[in-house]
Amino acid sequence: NSGIEKAFLFDVVSKIYIATDSSPVDMQSYELCCDMIDVVIDVSCIYGLKDDSNGNAYDKESLAIIKLNNTTVLYLKEVTKFLALVCILREESFERKAPPRGWERHCSAAPPVGTACPD
């Protein structure tokens, strides 16, 4: 068990999820993940652009972890130039273990619509 409560593979431009895990999608979780994408891009635009950058706020180094005050952790990691893995998990699960080595390889290519990245 990965400890991840919900995982989405998002198109970061449109904020439409391409794939998700098998648990039901609730609007609050979806909106929370969309808001996280907005926050990451906004903060990167303000503080994260390098002088030699071509103006892209979202790149291969994009990664964010946000701990909410209700023991929920939001985790975002760039998968490709246009895709991000966004996960919702409990703080206990996050602190208990880091993501497994090489997990990015399992999700580096977009799976067929309606399928999810492996746990």
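How is Glu 5 classed, buried or exposed, or partly exposed? In this predicted model, Glu 5 has a relative accessible area of 39% and is therefore partly exposed.

## Overall architecture

The protein chain contains three helices and five strands. Read from the N terminus, these elements follow the order β-β-α-β-β-β-α-α. Of the 119 residues in the protein chain, 39% count as buried.

Among contacts in the protein chain with a separation of 6 or more, 47% are between residues 24 or more positions apart. The protein chain exposes about 7,500 Å², and 54% of this area is supplied by carbon and sulfur atoms.

## Nonpolar cores

The largest nonpolar core has 16 residues, and the members that touch the most others are Phe 10, Cys 33, Met 36, Ile 37, Leu 76, Ala 84 and Val 86. Two or more residues are given to this core by each of strand 1 (4-11), helix 1, strand 4 (72-78) and strand 5 (83-90). Helix 1 gives the most, with six residues.

Ala 84 illustrates the contacts made by one of these members. Apart from neighbours within four places in sequence, Ala 84 is in contact with Phe 8, Leu 9, Phe 10, Val 12, Tyr 58, Leu 76, Lys 77 and Val 79. A second core, separate from the one described above, has 11 residues, including Leu 9, Val 79, Leu 83 and Cys 87.

## Aromatic pairs

Five aromatic pairs are found in the whole structure. One of them joins Phe 8 and Phe 10, with 5.3 Å from centre to centre and 45 degrees between the planes, an arrangement classed as tilted. Phe 8 has a relative accessible area of 1% and is therefore buried. Phe 10, at 0%, is buried as well.

Phe 10 also pairs with Tyr 17: the ring centres are 6.4 Å apart and the planes stand at 75 degrees, so this pair is edge-to-face. Planes over 60 degrees apart count as edge-to-face. Tyr 17 is partly exposed, because its relative accessibility is 31%. Ring pairs link Phe 8, Phe 10, Tyr 17 and Tyr 30 into a cluster.

## Salt bridges

Side chains of opposite charge can pair when their charged atoms come close. The structure holds four salt bridges. One of them is formed by Arg 90 and Glu 5, whose closest N and O atoms are 2.7 Å apart. Arg 90 belongs to strand 5 and Glu 5 to strand 1, so this pair ties together parts of the chain that are 85 residues apart in sequence. Arg 90 counts as partly exposed because its relative accessibility is 27%, and Glu 5 is likewise partly exposed, with a relative accessible area of 39%.

Asp 21 and Lys 6 form another salt bridge through their side chains, at 2.6 Å from N to O. This pair links distant parts of the chain, 15 residues apart: Asp 21 lies in the loop between strand 2 (16-20) and helix 1, while Lys 6 lies in strand 1. Both Asp 21 and Lys 6 are buried. A further salt bridge joins Asp 38 and Lys 15, with 3.1 Å between the closest N and O atoms. Asp 38 is in helix 1 and Lys 15 is in the loop between strand 1 and strand 2, so the pair ties together parts that are 23 residues apart in sequence. Asp 38 has a relative accessibility of 32% and therefore counts as partly exposed.

## Nonpolar surface patch

Val 39, Val 43, Ile 46 and Tyr 47 make a nonpolar patch of about 450 Å² on the surface. Tyr 47 is found in helix 1, which spans residues 27-48. Its relative accessibility is 70%, so Tyr 47 counts as exposed. Helix 1 thus has a part in several of the features described here: helix 1 gives six residues to the largest nonpolar core, contains Asp 38 of the salt bridge with Lys 15, and includes Tyr 47.

Definitions and conventions. Residues are numbered from 1 along each chain as its sequence is written. This is a predicted model: local features need pLDDT of at least 70, side-chain atom pairs count only at pLDDT 80 or more; totals for chains, interfaces and linings use all residues. Side-chain values use heavy atoms; hydrogens and water are left out. Patches are made of residues with over 30% relative accessible area and no salt bridge: like charges are joined within 9 Å, nonpolar side chains (Val, Leu, Ile, Met, Phe, Trp, Tyr) within 5 Å. Accessible areas come from the Shrake-Rupley method with a 1.4 Å probe; for residues, only the protein chains shown count as cover. Helices (H or I, at least four residues) and strands (E, at least two) are DSSP runs, numbered from the N terminus. Buried means under 20% relative accessible area, exposed over 50%, partly exposed in between (1.4 Å probe, protein chains only). A nonpolar core is a set of buried Ala, Val, Leu, Ile, Met, Phe, Trp, Tyr and Cys residues joined through side-chain atoms within 4.5 Å. Contact means heavy atoms within 4.5 Å. Rings of Phe, Tyr and Trp (its six-membered ring) pair if their centres lie within 6.5 Å; planes under 30 degrees apart count as stacked, over 60 as edge-to-face and the rest as tilted.
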